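Q: I am new to this structure and should like to learn how to read the space inside a protein. May we go through it step by step?

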Amino acid sequence: MNLCDIKTIKQIMAMFSLNFRKEFGQNFLTNRMVVEDIADSCCENSHSTVLEIGPGIGSLTYELAQRYDHVVALEIDRGLIPVLKYTLGDCKNVTVINEDVMKADLAEILAPYFEKGPVSVCANLPYYITTPILMKLLESNLPFEFITIMIQLEVADRLCTPCGGKDCGAITAVLNYYGTPEKIFRVNAGNFIPAPKVDSAVVRIRLHKEKPYRPVDEANLFRTIRAAFEQRRKTLPNSLSSVFGELTKDELTEIITACGHDPNIRGEKLTMEEFTALSDALYAKIEEKKQ
Ligand code: SAM
């Protein structure tokens, strides 16, 4: 069965009386080469477990199961569960779970697999919820080796731009804290059914084993990044003052200058190293004022 063949996909959907559900971002891949390329590039070790988010009718799941030791697939759409039983019946190394990834206890689900060896994530993500899913995976602090995701091209470009560059956003900076992203290839909208309005790209993130940046307080680093990007047009003291209400503008300017920056600098120009140093200086001042 070729699960990427448009006729086969339509037949399967009709057989189970299903429609493509827009609210779940159901755009299924129809190009087998793309599916194989994603499966090939998502892990370096064949003795890996792969967490797949949104298996759909199982095209990518099938290819992952041929290459890696285990596949755990979380699918929100109850209607697709019997389909996956039918299409993946021969794949004994696949566990399908009918669950919303945003509600799932990933640590509990994946605990037995982390004991066996490396675990990575691979998904053609539903576009309506790309950033929350990515943030959940990163903030879980689970020791994933890679996170490989197909996402909208524009979002992929934003994630993979260098920190400190003009296209860098808060999500770019936060992502670089957790790992190193790389855009692997572009996939045109015509490779999906139904075709989305925009093109996509596959991004592979290699998670840091040891984080290169070690802020004194992680939450304060994210607060600093959020403040710097929320008001992009403002200078750094102004954008920080809207979030760090406990510090005066003069104190903020002093801290920024002490970190070696012109006070007129915009937050988006800072590298991750500079964000970490700034966050630590802000944190120290806040703690000092509490005493
Ligand atoms: N992997 C298939 C493919 O590449 O053809 C389908 C990808 S489709 C873009 C996204 C899939 O994610 C759909 O099967 C959809 O039902 C599922 N999905 C959407 N939201 C989800 C959620 N919150 N948790 C788990 N699965 C979700």
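Q: Which space is taken by the ligand?

A: The model is a predicted one. A cavity is a space where a probe fits but cannot get out. In this model, the ligand takes up the largest cavity.

Q: How many cavities of 30 Å³ or more does the structure hold, and how much space lies in the largest cavity?

A: The structure holds 1 cavity of 30 Å³ or more. About 370 Å³ of space lies in the largest cavity.

Q: Which residues and elements line the largest cavity?

A: The lining consists of 30 residues, and Ile53, Gly54, Glu75, Asn124 and Pro126 lie nearest the centre of the cavity. At least two lining residues come from each of strand E1 (28–29), strand E2 (49–53), helix H3 (59–67) and strand E3 (70–75). By class, the lining divides into 18 nonpolar, 8 polar and 4 charged residues.

Q: Which residues come nearest the ligand?

A: A residue counts as near if one of its heavy atoms lies within 4 Å of the molecule. Around the ligand there are 22 residues, of which Leu29, Gly54, Glu75, Asp100 and Asn124 come nearest. This shell has 11 nonpolar, 7 polar and 4 charged residues.

Q: Where do polar atoms of the protein lie relative to nitrogen atoms of the ligand?

A: An N or O atom in the side chain of Asp100 is 2.9 Å from a ligand nitrogen, and one in the side chain of Glu52 is 3.4 Å from a ligand nitrogen. For Val101, a backbone N or O atom lies 3.0 Å from a nitrogen atom of the ligand. Taken alone, the ligand exposes 590 Å², and the protein buries 99% of that.

Definitions and conventions
Residues are numbered from 1 along each chain as its sequence is written. This is a predicted model: local features need pLDDT of at least 70, side-chain atom pairs count only at pLDDT 80 or more; totals for chains, interfaces and linings use all residues. Side-chain values use heavy atoms; hydrogens and water are left out. On a 1 Å grid over the protein atoms alone, a cavity is a set of points where a 1.4 Å probe fits but cannot get out, and a pocket is an open set with protein on both sides within 12 Å along at least five of seven lines; lining residues have an atom within 4 Å of a point. Grid points are joined across faces, edges and corners, and a volume is the space filled by probe spheres set on the points. Helices (H or I, at least four residues) and strands (E, at least two) are DSSP runs, numbered from the N terminus. Ala, Val, Leu, Ile, Met, Phe, Trp, Tyr, Cys and Pro count as nonpolar, Asp, Glu, Lys and Arg as charged, and the others, Gly among them, as polar. A polar contact is a pair of N or O atoms within 3.5 Å; within protein, one must be able to donate a hydrogen and the other to accept it, and residues adjacent in sequence count only if both atoms are side-chain atoms. Accessible areas come from the Shrake-Rupley method with a 1.4 Å probe; for residues, only the protein chains shown count as cover. A molecule sits in a cavity or pocket if more than half of its atoms lie within 2 Å of its grid points.
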